[in-house]
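Here are two short exercises to try with the structure open beside you. Read each task, have a go, and then follow the solution step by step.

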Amino acid sequence: MLQLGKSEKAFEEAKRYMPGGVNSPVRSYRSVGSNPPFISSASGSRIYDIDNNEYIDYVLSWGPMILGHANPEVIASLQEAIPRGTSYGAPTLLETELAKKIQAFMPSMEMVRLVSSGTESTMSALRVARGYTGRDRIVKFVGCYHGHSDALLVKAGSGLATFGVPDSPGVPKGVAENTITLPYNDIDAITKLFNEIGDTIAAVIVEPVAGNMGCVPPVPGFLEALRTLTKEHGSVLIFDEVMCGFRASSGGAQKLYNIKPDLTCLGKIVGGGMPMAVFGGSAKIMSEIAPSGPIYQAGTLSGNPIAVTSGLATLSILQRDPTIFKQVEEATKTLCEGYERLAAQYNVPVVVQRVGSMFTVFFTDKPVHNFDDASQCNEAHFKIFFHHNLSHGIYMAPSPYESNFVSICHKHSEIERTLAVAEEAFKIISNHV
Ligand code: KE4
């Protein structure tokens, strides 16, 4: 079994100074009922805790580390940049270079604004959509997470298309009322809503591949319906590709499904693990942002030279060797097929859902198309699977409603080891009453 003595002590002390001992809730391991390892370092596919336990890492900082931890070229770029200073609050050539690279990967992003987190990118994109259309209402989908800005911490009201209600204390009712929340992949619901009030809707924001209820792909026709309906009614279609960008394909979900959104939000990989995110899209809409237009948006550390250096180095490597996307997708496919084969061998009901190099092992016997499906999965089985993996050196997302990720450093030996541990877990689950 794992020795986690130092982490347990560290967690107790951390809880005295930070709510729940963490700076982001999911890291607390509360949903898996245990204490989290405190991490000391990471390299390649590995992550190490302060008790010197080594793990193969499938969280990868919740997605960013597609090149593996501490990629030598990214680190060298950062070491070379830091002595020039860490922040200027002034324009740099680096930002223009990065904007061009982003556009090369996602041509729909004709103009971009750099920010410091995914939350900031989606919050800003929604303000731009509201400012551009002059409308207030927005639509999101149950089970999609777009960061923690007020307008997006909203759950469905009593009626399907009625006004939202706050999904957290501190979110004003007046803000929540302008957010309508519908079931993901429900083409009829979104069509009905737009037929009724489409001309009052500023934007639809969607994870084009959902990753925050576990990995849930769009059903055929769903994204197409969003594109058609928003175009017909003058609403802005926002693809939140913070997670699935560079994971679903080299050009994200918009390339994989050939749908051109009006605005796109990126994060995670685009910053190579540094605090950086992006929103962007049609020049006509983006030109409405200050100082070229009236819609205000700003940030002290937006386009920070160190964060941009990390993103530039990461995208340069991906641009130089596009086979990386194929490599990580193949490795993920091999892993997921292994999970399916082994679960079947031990008669454990499992549905593995994967898009590109992001995946989730759902403990259920039917496909997961929305949050209701995801919430019916067997949580006890998930917990056995999670804890057996962790105690045998496989570090996976501590929630059944998260995705896992693969990097170029996850080679055959890592996949084989991971499947060997999974087989033991499925065996235990098969004997679990
Ligand atoms: P951040 O503000 O955490 O950088 O990004 C928010 C965000 C926006 N959009 C999507 C699709 C996202 O997945 C996220 C953040 N993802 C979570 C993982 N489910 C980050 C992990 C955490 O909250 O600690």
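**Exercise 1: the ligand and its shell**

The ligand is surrounded by 16 residues (each with a heavy atom within 4 Å of it), and the closest are S24, T119, N212, D240 and E402. This is a predicted model, where local features need pLDDT of at least 70, side-chain atom pairs count only at pLDDT 80 or more, and totals for chains, interfaces and linings use all residues. Residues are numbered from 1 along each chain as its sequence is written, and side-chain values use heavy atoms, with hydrogens and water left out.

Task: find which atoms of S24, T119 and G118 lie by an oxygen atom of the ligand.

Solution.
- Step 1: S24 places a polar side-chain atom 2.6 Å from a ligand oxygen.
- Step 2: for T119, a polar side-chain atom is 2.7 Å from an oxygen atom of the ligand.
- Step 3: G118 uses a backbone N or O atom, at 3.0 Å from a ligand oxygen.

**Exercise 2: two domains**

Task: describe how domain 1 and domain 2 meet.

Solution.
- Step 1: the domain assignment (automatic or from a database) gives domain 1 (5–70 + 322–430) and domain 2 (72–320).
- Step 2: in contact (heavy atoms within 4.5 Å) are 31 residues of domain 1 and 36 residues of domain 2.
- Step 3: look for salt bridges (a Lys or Arg side-chain nitrogen within 4 Å of an Asp or Glu carboxyl oxygen); the count between domain 1 and domain 2 is 0.
- Step 4: return to the ligand, whose shell draws at least three residues from each of the two domains.

Definitions and conventions: Polar contact = N/O pair within 3.5 Å; in protein donor to acceptor, adjacent residues only side chain to side chain.
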